[in-house]
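Student: Before I rely on any label attached to this protein, I would like to hear the reasoning behind it, one step at a time.
Tutor: Then let us take the labels in turn and set each value against its cut-off.

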Amino acid sequence: MKFGKRTIFWLVPLCILGAFVYFYGPKDDITNNQYIDEMKQTSLSETNATTAEDVFAHYCDDGKWIFFKTQREQAVVEFKGKCTINNESQSINLQFLIDNEGGNYQLGALLVNNSQQTPEERTYFIEQLYENL
């Protein structure tokens, strides 16, 4: 079998595209991870010891915890679900940024119906969850 120049000219870009999709394409969600387990057992309130898992289970339907790493290798745990906000069921995404040692976290973005909330709105949202238990 003899390869001509035309064959090589379309095979090379196809191989490059395939490698790009393999390394940078969508990945399966990681739903079973040590960081997820730790975040579920963490309290998001300074005054209430109720775990994040219990709070979200109380207020949210279809809850799902996901772990992923950003392109800069930042570990992130994200909670996705439909939560009751202002007497309406709204989709939320709340991210927790895990430090490199894995022991601590800081709150990341909060999206309500795919609209990013300010840090003040995020803090108010979490306070309301714990206040209304």
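**Reasoning from value to label**

Tutor: We can begin with F68, a residue of strand β1, and keep in mind throughout that the model is predicted.

Student: Why is F68 called partly exposed?

Tutor: The relative accessibility of F68 is 27%, and since buried means under 20% and exposed means over 50%, F68 falls in between and therefore counts as partly exposed.

Student: Which residues does F68 touch, once those up to four places away in sequence are not counted?

Tutor: F68 touches Q74, A75, V76, E78 and Q95; contact here requires heavy atoms within 4.5 Å. One of these partners, V76, lies in strand β2.

Student: What makes V76 buried?

Tutor: Its relative accessible area is 1%, and because the limit for buried is under 20%, V76 is classed as buried. Leaving aside neighbours within four places in sequence, V76 is in contact with I66, F67, F68, T70, Q95, F96 and L97.

Student: How far is V76 from Y130, in sequence and in space?

Tutor: V76 and Y130 are 54 residues apart in sequence, and their C-alpha atoms are 23 Å apart in space.

Student: How do you know that E78 and K80 form a salt bridge?

Tutor: The N to O distance between the side chains of K80 and E78 is 3.7 Å, and because the cut-off between a side-chain nitrogen of Lys or Arg and a carboxyl oxygen of Asp or Glu is within 4 Å, the pair qualifies as a salt bridge. In general, side chains of opposite charge can pair when their charged atoms come close.

Student: Buried or exposed, or in between: which label belongs to E78, and which to K80?

Tutor: E78, at 7% relative accessibility, counts as buried because 7% is under 20%, whereas K80, at 32%, lies between the two limits and so counts as partly exposed.

Student: How many salt bridges does a search of the whole structure find?

Tutor: The search finds 2. Besides the pair of K80 and E78, there is a salt bridge between the side chains of E73 and K69, with an N to O distance of 3.8 Å, which is accepted because the cut-off is within 4 Å. K69 has a relative accessibility of 47%, and since exposed requires over 50%, K69 counts as partly exposed.

Student: What is noted about the backbone of E73, and where is E73 found?

Tutor: Phi of E73 is near 65°, a positive value in a residue other than glycine, and E73 is found in the loop between β1 (60-69) and β2 (75-85). N113 also has a positive phi, of about 50°, although N113 is not a glycine; its place is in the loop between β4 (105-112) and β5. At 43% relative accessibility, N113 counts as partly exposed, because 43% lies between 20% and 50%.

Student: Why is T51 called buried?

Tutor: T51 has a relative accessible area of 12%, and because this is under 20%, T51 is buried. T51 lies in the loop between α2 (34-40) and α3 (52-59), and, leaving aside neighbours within four places in sequence, T51 is in contact with K40, Q41, T42, S43 and Y130.

Student: What makes the pairing of T51 and D54 a polar contact?

Tutor: Their side chains are joined at 3.1 Å, and because the limit for a pair of N or O atoms is within 3.5 Å, the pairing is counted as a polar contact.

Student: Why is F20 called exposed?

Tutor: F20 has a relative accessible area of 52%, and because exposed means over 50%, F20 is exposed. F20 lies in helix α1 (residues 5-24) and belongs to a nonpolar surface patch of about 1,100 Å², made by W10, L11, L14, L17, F20, V21, Y22, F23 and Y24.

Student: Which element of the chain has the lowest mean pLDDT, and which the highest?

Tutor: Helix α1 has the lowest mean pLDDT, 81, and strand β5 (residues 115-116) the highest, 95. For the chain, the mean pLDDT is 87, and 95% of its residues reach 70 or more. Where pLDDT is low, the predicted coordinates should not be read in detail.

Terms used:
Residues are numbered from 1 along each chain as its sequence is written. This is a predicted model: local features need pLDDT of at least 70, side-chain atom pairs count only at pLDDT 80 or more; totals for chains, interfaces and linings use all residues. Side-chain values use heavy atoms; hydrogens and water are left out. Buried means under 20% relative accessible area, exposed over 50%, partly exposed in between (1.4 Å probe, protein chains only). Patches are made of residues with over 30% relative accessible area and no salt bridge: like charges are joined within 9 Å, nonpolar side chains (Val, Leu, Ile, Met, Phe, Trp, Tyr) within 5 Å. Accessible areas come from the Shrake-Rupley method with a 1.4 Å probe; for residues, only the protein chains shown count as cover. Helices (H or I, at least four residues) and strands (E, at least two) are DSSP runs, numbered from the N terminus. pLDDT is the predictor's confidence in each residue, from 0 to 100. A polar contact is a pair of N or O atoms within 3.5 Å; within protein, one must be able to donate a hydrogen and the other to accept it, and residues adjacent in sequence count only if both atoms are side-chain atoms.
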